[in-house]
Amino acid sequence: MAPKAEVAAAAAPVVAAPIKKAKKNAGETINSRLALVMKSGKYTLGYKSTLKTIRNGKAKLLLISGNCPPLRKSELEYYAMLSKTAVHHYSGNNIDLGTACGKYFRVGVLSIIDAGDSDIISRPLE
């Protein structure tokens, strides 16, 4: 009876491990691309400056935090649709987005003007 119990116990963690790893890599990919943009690219943080870049047609990509108010989010999406700007809904909240940007404050909205060395605009985000 002991060998059967060992086989069942050994099989369970092997199946569950790759699923968690894939989700973690997707989040790290966005965060690492974002960190590269912060280092080498041009960006604006915040609602007002993001609206200005969208209206001027300079924004290439919008990142909106998960807990952005619905009215603000729909307004940003509408402006982005008019200016044909890509929008990505960040999975974390505004604290997580600020941390991913390397800032010590909350970031609700972020617009990327120039990606720099990053491929965040050319490759689709997960």
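This is a short tour of one protein chain, stop by stop, in your viewer.

**Stop 1: the whole chain**

Keep in mind that the model is predicted. Show the whole chain as a cartoon. The protein chain holds four helices and four strands. Trace the elements from the N terminus, and they alternate: α-β-α-β-α-β-α-β. Now think about the inside. The chain has 126 residues, and 30% of them count as buried. Next, consider the contacts between residues with a separation of 6 or more. In 78% of these, the residues are 24 or more positions apart.

**Stop 2: the sheet**

Select the strands. In what order do the four strands lie in the sheet? The order is β1-β4-β2-β3. The sheet is open, and its pairing is mixed. Here is some background: strands of a sheet pair through backbone hydrogen bonds, and the pairing can be parallel or antiparallel.

Which strands form the edges? Select 42-45 for β1 and 86-89 for β3. Each of these edge strands pairs on one side only. Look along the sheet to see the twist. From one strand to the next, the twist averages 20°.

Now pick one pair. Select residues 61-64, which are β2, and residues 109-114, which are β4. These strands are antiparallel to each other, and four bridges join them. Zoom in on leucine 63. Its bridge partner in β4 is leucine 110.

**Stop 3: two helices on the sheet**

Add residues 47-56, helix α2. This helix packs on the sheet and touches β1, β2 and β4. Compare directions: α2 makes about 40° with β4.

Then add residues 70-82, helix α3. Helix α3 also packs on the sheet, where it touches β2, β3 and β4. Its direction makes about 170° with that of β2.

Try a ruler check on α3. How far apart are its end C-alpha atoms? They are 18 Å apart. At 1.5 Å a residue, the 13 residues should span 18 Å, so the two values agree.

**Stop 4: lysine 84**

Move just past the end of α3 and select lysine 84. This residue sits in the loop between α3 and β3. Check its backbone angle: phi is positive, about 55°, although lysine 84 is not a glycine. For comparison, most residues other than glycine have a negative phi. Is lysine 84 buried or exposed? Its relative accessible area is 78%, and the cut-off for exposed is over 50%, so lysine 84 is exposed.

**Stop 5: arginine 106**

Go to the loop between α4 (94-100) and β4, and select arginine 106. This arginine counts as exposed, at 62% relative accessibility. Add asparagine 94, which lies 12 residues away along the chain. The C-alpha atoms of these two residues are separated by 5.2 Å. What does arginine 106 contact, leaving aside its neighbours within four places in sequence? The answer is Asn94 and Ile95.

**Stop 6: a salt-bridge network**

How many salt bridges does the count give? It comes to two. Show the side chains of arginine 33 and aspartate 119 for one of them. Their closest N and O atoms are 3.5 Å apart. This pair links distant parts of the chain, with the partners 86 residues apart. Arginine 33 belongs to helix α1 (residues 2-40), while aspartate 119 lies in the segment after β4.

Now show arginine 123. It forms a salt bridge with aspartate 119 too, and here the closest N and O atoms are 3.0 Å apart. Through shared partners, the salt bridges join Arg33, Asp119 and Arg123 into one network.

Colour the three by accessibility. Arginine 33 is buried, at 4% relative accessibility. Aspartate 119 is partly exposed, with a relative accessible area of 25%. Arginine 123 is also partly exposed, at 44%.

**Stop 7: the cysteines**

Finish with cysteine 68 and cysteine 101. Cysteine 68 has a relative accessible area of 8% and is buried. Cysteine 101 is buried as well, at 5%. Recall that a disulfide is a covalent bond between the sulfur atoms of two cysteines. How many disulfides does a search of the whole structure find? It finds zero.

Terms used. Residues numbered from 1 in each chain as written. Predicted model: local features only at pLDDT ≥ 70, side-chain atom pairs only at ≥ 80, totals over all residues. Heavy atoms only, no water. Pairing = 2+ DSSP bridges. Helix = DSSP H or I, 4+ residues; strand = E, 2+ residues; numbered from the N terminus. Axes fitted to C-alpha atoms, helices over the stretch in contact; angles between N-to-C directions. Contact = heavy atoms within 4.5 Å. Buried < 20%, exposed > 50% of the residue type's maximum accessible area, 1.4 Å probe, protein only. Disulfide = S-S within 2.5 Å. Salt bridge = Lys/Arg side-chain N within 4 Å of Asp/Glu carboxyl O. Expected span 1.5 Å × (residues − 1).
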